[in-house]
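The following questions and answers examine a protein structure piece by piece. Please consult the sequence and the coordinates alongside the text.

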Amino acid sequence: MAADSVGDLLARLEQLNAIGAALSKERDTDALLEGILVAAKEITRADGGTLYRLTEDGSALRFEIMRTHSLGLFLGGTTGRPIDFAPLPLVNADGSFNDAMVATHAAIHARTVNIADAYAHAGFDFSGTRAFDARTGYRSQSFLTVPMKNHEGEVLGVLQLINAQEPGGSRVVTFSESDQRLAESLASQAAIALSNRLLIIQMEELFESFIRLINMAIDDKSPYTGNHCNRVPELTMMLAEAVDATAEGPLASFRMSDRDRYELKIAGPLHDCGKISTPVHLVDKATKLQTLFDRIALLDTRIEVLRRDAEIAALRRHLALRPCTDAAADARIAEDLAAQQQALLDDRAFLHKINIGGESLDDAALERLRALSDARRWRGPQGEDLPFLSDDELENLSIRRGTLTARERGVINYHIVATIRMLEQVPWPKHLRNVPEFAGGHHERMDGRGYPRGLTRQQMSLQARMLGIADIFEALTAADRPYKKGMKVSQALQIMVRMKKTGHIDPDLFDVFMREGVYRRYAERFLDADQMDVAPPAAAR
């Protein structure tokens, strides 16, 4: 071997090592496959090449990438231009191996095929090649077809190189023995890199399926929470992309890598995973008296008992006048009964109204409730004299805003503690180590008055603050909650403007949320048409 040939081979070996290192770092599968083919063409000085991958069921070779430099042909891979050729079956209709084509032969037998001139070779069917040449004016001559085998000897695909060119020239020559060895070495490295990438993808898909499994369990407990767990991550990613794209303001330097995006993508669906331990009757508590059922029905029964007791008492008074007839006394009894009946109906309507929890309970309503509780008594099934409202019923009906007591609110709020505890038990890899902090901070406030840790803005990541904004906007506008109607967009934004001013949410993120129309894009995708008054409030413009 001549000295310059030795030098050329050493240079190509160094190139091979560099290519192998580069392939091991590539995360995008299309870019990885494209890099494999381009590197193989360069290292063997091939004018063209095709990379095939085995289909998922292992029955055929699928065209992934085609490159022919002299024709300017670039298909598949990162180009976005599809390859229209049908896959090459490995087995014929009669069950025999499809050995007629060189690519399938290499895959079936896991063996490299080196052909000097396709037109002069009788062992394989090159009719497709000849048809391609006839259409394009090309002349396919030398072929080097190499199976891509991973460390377990499993064939993942085939690398086919066409028309080796002599060094420093354009004359087509046969692929040399060194070309073949280099291509086989590269194909082996490429197969291992591809196998590793596919394994990582499979592990990611497996992990994401467990996340979906957790959300499915929450969804089965409460379809309202399940929808929330799906929508909040979507809105979070919309806001994150808007911040990443911003070129002005205090967040102009924020940029996300693909790994950053994936980390946030994982954190979003897990932000409420602790709700799997929250009692469903609290998650879905639509009224103040609801437990496993709405206890307002018990109060209706007691009201009806009192109405009938009043009617029975009135009838007894009427009978006490008999056999004498006293029309005036009868009229007074009837009027008294009507007044009692109306008062009971008024009390029932009042109890139904305050049970809803949609409006704030003012002092006058609270005083009326207490007076009703003190004045009303009823006779139980055993004839016992009982208070009209139990202590628990009175406590629940006395809730000033919403439907949860302070104790129940504490149980609900514990879900974020449970979320953090669950996520901190996971041995996160380095690129996902911030997931617990991202997912566990969406109930904190910028002024340190949030929960569970009372963190301030400076102590929280930007991603955790994004999740906080997304969580609030979704909760305000959600139309599928049993305890409230979904707000119109303008109303929700007015509330969030106040939250911005009072230190509840991050002001810089909210400015991007408004300026870039993130709320509008979310509304168009997820909200009902009657909520879509999407003009921003004047205070936010």
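Buried means under 20% relative accessible area, exposed means over 50%, and partly exposed is in between. The model discussed here is predicted.

Q: Is threonine 136 buried, exposed or partly exposed?
A: Threonine 136 has its place in helix α4. Its relative accessible area is 35%. Buried requires a value under 20% and exposed a value over 50%, so threonine 136 is classed as partly exposed.

Q: Which backbone oxygen does the side chain of threonine 136 reach?
A: On one side, a polar atom of the threonine 136 side chain lies 3.3 Å from the backbone nitrogen of tyrosine 138. The side chain also reaches a backbone oxygen at 2.9 Å, that of phenylalanine 132.

Q: How far apart in space are threonine 136 and threonine 419, C-alpha to C-alpha?
A: In sequence, threonine 136 and threonine 419 are separated by 283 residues. Their C-alpha to C-alpha separation in space is 61 Å.

Q: Is serine 140 buried or exposed?
A: Serine 140 belongs to the loop between α4 (127–136) and β6 (143–149). Beyond four places in sequence, its contacts are Asp117, Ala118, Tyr119, Thr129, Asp133, Ile162 and Asn163. The relative accessibility of serine 140 is 2%, and the limit for this class is under 20%, so serine 140 counts as buried.

Q: Which residue in contact with serine 140 has a positive phi near 60 degrees?
A: Among the contacts of serine 140 are Ile162 and Asn163. Asparagine 163 is found in strand β7 (residues 155–165) and is buried, with a relative accessible area of 3%. A phi near 60 degrees, positive in a residue other than glycine, belongs to asparagine 163.

Q: With which side chain does threonine 145 make a polar contact of 3.1 Å?
A: Threonine 145 is located in strand β6 and counts as buried at 0% relative accessibility. Leaving out residues up to four places away in sequence, it touches Val102, Ala103, Ala106, Arg111, Thr112, Val113, Val158, Leu159 and Gln160. The side-chain polar contact of 3.1 Å is with glutamine 160.

Q: How are α2 and α5 oriented, roughly parallel or roughly antiparallel?
A: Helix α2 (residues 29–44) packs with helix α5 (residues 177–221), their axes being 10 Å apart. The angle between them is about 175 degrees. Angles over 145 degrees count as roughly antiparallel, and α2 and α5 are therefore roughly antiparallel.

Q: How many residues of the contact of α2 with α5 are nonpolar?
A: On the α2 side, the contact includes Leu32, Leu33 and Ile36, while the α5 side includes Leu182, Ala183 and Leu186. Asp179 and Arg197 of α5 also take part. The division gives 2 charged residues, 2 polar residues and a nonpolar count of 13.

Q: Where does arginine 45 lie, and what is its phi near?
A: Arginine 45 is partly exposed, at 24% relative accessibility. It lies in the loop between α2 and β1 (46–54). Although arginine 45 is a residue other than glycine, its phi is positive, near 60 degrees.

Q: Which helix gives the most residues to the largest nonpolar core?
A: The largest nonpolar core has 50 residues, and those with the most contacts inside it are Val243, Met466, Phe473 and Phe513. Helices that each supply at least two residues of this core include α6 (223–245), α7 and α15 (462–477). With 8 residues, the helix that gives the most is α15.

Q: Which residue of α7 joins its side chain to aspartate 244 by a polar contact?
A: The residue lies in helix α7 (residues 258–267). Beyond four places in sequence, its contacts are Met237, Glu241, Asp244 and Met256. The polar contact to aspartate 244 spans 3.2 Å and is made by arginine 261.

Q: Which proline in the loop between α14 and α15 follows a cis peptide bond, and from which residue?
A: One cis peptide bond joins arginine 322 and proline 323, with omega about 5 degrees, and proline 323 lies in the loop between α9 (296–321) and α10 (327–356). The loop between α14 and α15 holds proline 452. There, with omega about 10 degrees, the cis bond joins proline 452 to tyrosine 451.

Methods:
Residues are numbered from 1 along each chain as its sequence is written. This is a predicted model: local features need pLDDT of at least 70, side-chain atom pairs count only at pLDDT 80 or more; totals for chains, interfaces and linings use all residues. Side-chain values use heavy atoms; hydrogens and water are left out. Axes are lines fitted to C-alpha atoms, for helices over the stretch in contact, and angles run from 0 to 180 degrees between N-to-C directions. Helices (H or I, at least four residues) and strands (E, at least two) are DSSP runs, numbered from the N terminus. Angles under 35 degrees count as roughly parallel, over 145 as roughly antiparallel, 65 to 115 as roughly perpendicular and the rest as oblique. Contact means heavy atoms within 4.5 Å. Ala, Val, Leu, Ile, Met, Phe, Trp, Tyr, Cys and Pro count as nonpolar, Asp, Glu, Lys and Arg as charged, and the others, Gly among them, as polar. A polar contact is a pair of N or O atoms within 3.5 Å; within protein, one must be able to donate a hydrogen and the other to accept it, and residues adjacent in sequence count only if both atoms are side-chain atoms. A nonpolar core is a set of buried Ala, Val, Leu, Ile, Met, Phe, Trp, Tyr and Cys residues joined through side-chain atoms within 4.5 Å. Buried means under 20% relative accessible area, exposed over 50%, partly exposed in between (1.4 Å probe, protein chains only).
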